[in-house]
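Subject: Handing over a structure

Hi there,

I promised to pass this one on, so here it is, ready for you to open in your viewer. My notes follow below it, and I hope they are a useful companion while you look around.

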Amino acid sequence: MINPYTAVVHEVSVISGIVNAVLEELEKYDVIKVSAVDILIGDMTMLGDEQLTFAYEVVTRDTLLEGSKLNIEHESIRVTCDACKYDGPVKLLESGDYTSHKIPVMSCPECGGHIEVVAGQSCCVTSVDIEEA
Ligand SMILES: [Zn+2]
């Protein structure tokens, strides 16, 4: 059983990194307001939308980003297998806890062999909607 507090702390640390990077970038512009920040989150990161949104509200308080909307886009996990040349999604298991996270099975769904993750690990900002002075 994962402690919900610990789970949110994980999201807070990720969001803090994103928010700091955005704020740093915004220093280059004469921004009066930020309306939205779009992020791409790979399903490998196991970050929950609700927790991310909550963390965003907390972390952006008293910053230029306060009140802006966080748009979360998901990147599906894609893997390749050397042994059988499989290329596609991984098998996902329901975690069964409160988060409704899906746990990726890190072996080839075709042959059970070793796989390499080629997509789904993203955790980045894709766009920021700003109003310049
Ligand atoms: Zn395989």
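A good place to begin is just after helix H2, where aspartate 62 follows with a positive phi, near 65°. Please keep in mind throughout that this is a predicted model. Aspartate 62 is not a glycine, yet its phi has that positive sign. Most residues other than glycine have a negative phi. As for its place in the chain, aspartate 62 sits in the loop that leads from H2 to E2. Is aspartate 62 buried or exposed? It counts as exposed, because just 7 C-beta neighbours fall inside 10 Å.

Helix H2 itself comes next. Its 12 residues should span 16 Å at 1.5 Å a residue, and the C-alpha atoms at its two ends are indeed 16 Å apart, so expectation and model agree. The buried residues of H2 are Leu52, Ala55, Tyr56, Val59 and Thr60. Looking down the axis of H2, you will find these buried residues within an arc of 115°, which means that they line one face of the helix.

On the other side of H2, the loop between strand E1 (31-42) and helix H2 (49-60) holds methionine 46. This is another residue other than glycine with a positive phi, in this case near 60°. Methionine 46 counts as partly exposed, because it has 16 C-beta neighbours inside 10 Å.

Now a step back to the overall picture. The chain has 2 helices and 8 strands, and from the N terminus the elements follow the order α-β-α-β-β-β-β-β-β-β. The C-alpha trace spans about 55 × 35 × 15 Å along its principal axes. Of the 133 residues in the chain, 20% are buried. Among contacts with a separation of 6 or more, 79% are between residues 24 or more positions apart.

Two sheets are worth a visit.

The sheet with E1 in it is open and has 3 strands, in the order E2-E1-E8, with mixed pairing. E2 and strand E8 (123-132) are at its edges with a single partner strand each, so one side of each has no neighbour in the sheet. On average, neighbouring strands here are turned by 20° against each other, direction ignored. How do E1 and E2 pair, parallel or antiparallel? They run in the parallel sense, and 7 bridges join them. One pair to look up is alanine 36 with its bridge partner in E2, lysine 69.

While you are at E2, have a look at histidine 74, which belongs to this strand (residues 69-75). Histidine 74 counts as partly exposed because 15 C-beta neighbours lie inside 10 Å of it. Apart from its neighbours within four places in sequence, histidine 74 is in contact with Ile41 and Asp43. Aspartate 30 is 44 residues from histidine 74 along the chain, and 30 Å separates their C-alpha atoms.

The other sheet is open too, with 3 strands in the order E4-E3-E7 and antiparallel pairing. Here E4 and E7 take the edge positions, each having a single partner strand, so one side of each is left without a neighbour in the sheet.

Strand E3 (residues 78-81) pairs with strand E7 (residues 115-119) over 4 bridges, in the antiparallel sense. Within this pairing, threonine 80 stands opposite glutamate 116, and cysteine 81 has isoleucine 115 as its bridge partner.

E3 also runs antiparallel to strand E4 (residues 87-88), with 2 bridges between them. There, valine 79 faces glycine 88 of E4. E3 and E4 make a hairpin with 5 residues between them, and in the turn you will find lysine 85, which has a positive phi of about 65°.

If you have time for one stop, which residues of H2 are buried? Among them are Leu52 and Tyr56, and a view down the axis of H2 shows the buried residues lining one face, since they fall within an arc of 115°.

Happy browsing, and do write back with any questions.

Best wishes

Notes. Residues are numbered from 1 along each chain as its sequence is written. This is a predicted model: local features need pLDDT of at least 70, side-chain atom pairs count only at pLDDT 80 or more; totals for chains, interfaces and linings use all residues. A residue is buried if 20 or more other C-beta atoms lie within 10 Å of its own, exposed if 12 or fewer, and partly exposed in between; C-beta atoms are placed from the backbone. Two residues are in contact if their C-beta atoms, placed from the backbone, lie within 7 Å. Two strands pair if DSSP finds at least two bridges between them. The expected span of a helix is 1.5 Å times one less than its number of residues. The arc is that of the directions from the helix axis to the C-beta atoms. Axes are lines fitted to C-alpha atoms, for helices over the stretch in contact, and angles run from 0 to 180 degrees between N-to-C directions.
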